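User: Please take a close look at how space is enclosed within this model. I would like one connected account that starts there and then follows the surrounding parts of the fold.

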Amino acid sequence: VQLQASGGGLVQPGGSLRLSCAASGSIFSINTVGWYRQAPGKQRELVAAITSAGSTNYAGSVKGRFTISRDNAKNTVYLQMNSLKPEDTAVYYCNADVQAIGVPYGMDYWGKGTQVTVSS
């Protein structure tokens with residue numbers, strides 16, 4: 001199982017980006033998926049998460065600006081980021097609890113990060 005994060009880039013304050021986290025491999029089910037970020041000199045923090053049932057939760061700093069969603073048919077989770085601020089600058093990582101085919105439990109996977117830079 002692999003996770004591939006994409007969609008980062010350079011954007012001006014107030015702009016938008018959409019990140020994608022695509023899972024591939026011998027997947028039986030994808031449970032909770034989360035987006036994390038890590039800014040230079042800071043600890044990695046949870047930005048948003050979505051369960052297999054579609055329940056979501058957000059960090060207070062992004063609530064109302066970011067939206068997490070999932071397309072189960074494509075094994076992909078998205079993070080729509082609007083009204084971006086310079087303090088959103090970080091490397092963004094996706095994390096998923098994935099049950100592989102033939103394995104009776106889920107395992108934790110991380111994708112490689114994608115850089116988001118918000119600057120004028």
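Analyst: On a 1 Å grid over the protein atoms alone, a cavity is a set of points where a 1.4 Å probe fits but cannot get out, and lining residues have an atom within 4 Å of a point. By this rule the model contains 1 cavity of 30 Å³ or more. This is a predicted model, in which local features need pLDDT of at least 70 and side-chain atom pairs count only at pLDDT 80 or more, while totals for chains, interfaces and linings use all residues. Residues are numbered from 1 along each chain as its sequence is written, and side-chain values use heavy atoms, with hydrogens and water left out.

The largest cavity holds about 30 Å³ of space, a volume being the space filled by probe spheres set on grid points that are joined across faces, edges and corners. Its lining is made up of Leu-3, Cys-21, Ala-23, Ile-30, Val-33, Asn-75, Val-77 and Ala-96. Two elements, E3 and E4, each give two or more residues to this lining; strands (E, at least two residues) are DSSP runs, numbered from the N terminus. By class, the cavity lining has 7 nonpolar residues, 1 polar residue and no charged residue. Here Ala, Val, Leu, Ile, Met, Phe, Trp, Tyr, Cys and Pro count as nonpolar, Asp, Glu, Lys and Arg as charged, and the others, Gly among them, as polar.

Asn-75, one of the lining residues of the cavity, belongs to the loop between E7 and E8. These two strands form a hairpin with 4 residues between them. The phi of Asn-75 is near 50 degrees, a positive value in a residue other than glycine. With a relative accessible area of 29%, Asn-75 is partly exposed; the classes are buried under 20%, exposed over 50% and partly exposed in between (1.4 Å probe, protein chains only).

Strand E8 (residues 76-81) follows this turn. Because 5 of its 6 residues are buried, E8 is largely enclosed by the rest of the structure. Antiparallel pairing joins E8 to strand E7 (residues 66-71) through 6 bridges, with Phe-66 matched to Met-81; strands are said to pair if DSSP finds at least two bridges between them. E8 is also joined to E3 by 6 bridges, again antiparallel, and in this pairing Ala-22 stands opposite Thr-76. In the loop between E8 and E9 lies Ser-83, which has a positive phi of about 50 degrees although it is not a glycine. Ser-83 is partly exposed, at a relative accessible area of 42%.

Ala-96, another residue of the cavity lining, falls within strand E9 (residues 90-100). In E9, 9 of the 11 residues are buried, so this strand too is largely enclosed by the rest of the structure. E9 pairs in the antiparallel sense with strand E4 (residues 27-38) over 9 bridges, and Ile-27 stands opposite Ala-100 there. A further antiparallel pairing, over 4 bridges, links E9 to strand E10 (residues 107-110), with Asp-97 facing Asp-108. E9 and E10 form a hairpin with 6 residues between them, and Gly-102 in its turn has a positive phi of about 85 degrees.

E9 also pairs with E11 in the antiparallel sense, over 3 bridges. In this pairing Tyr-92 stands opposite Thr-114, a residue of strand E11 (residues 114-118). Thr-114 is buried, with a relative accessible area of 9%. Leaving aside neighbours within four places in sequence, Thr-114 is in contact (heavy atoms within 4.5 Å) with Ala-5, Ser-6, Gly-7, Gly-8, Leu-19, Ala-90, Val-91 and Tyr-92.

The open counterpart of a cavity is a pocket, an open set of points with protein on both sides within 12 Å along at least five of seven lines. The largest pocket has a volume of about 150 Å³. Val-1, Gln-2, Leu-3, Gln-4, Ala-5, Ala-22, Ser-24, Tyr-109, Trp-110, Gly-111 and Lys-112 form its lining. The elements giving two or more residues to this lining are strand E1 (2-6), strand E3 (17-24) and E10, and the largest share, 4 residues, comes from E1. The pocket lining comprises 6 nonpolar, 4 polar and 1 charged residues. Leu-3 appears both in the lining of the largest cavity and in that of the largest pocket.
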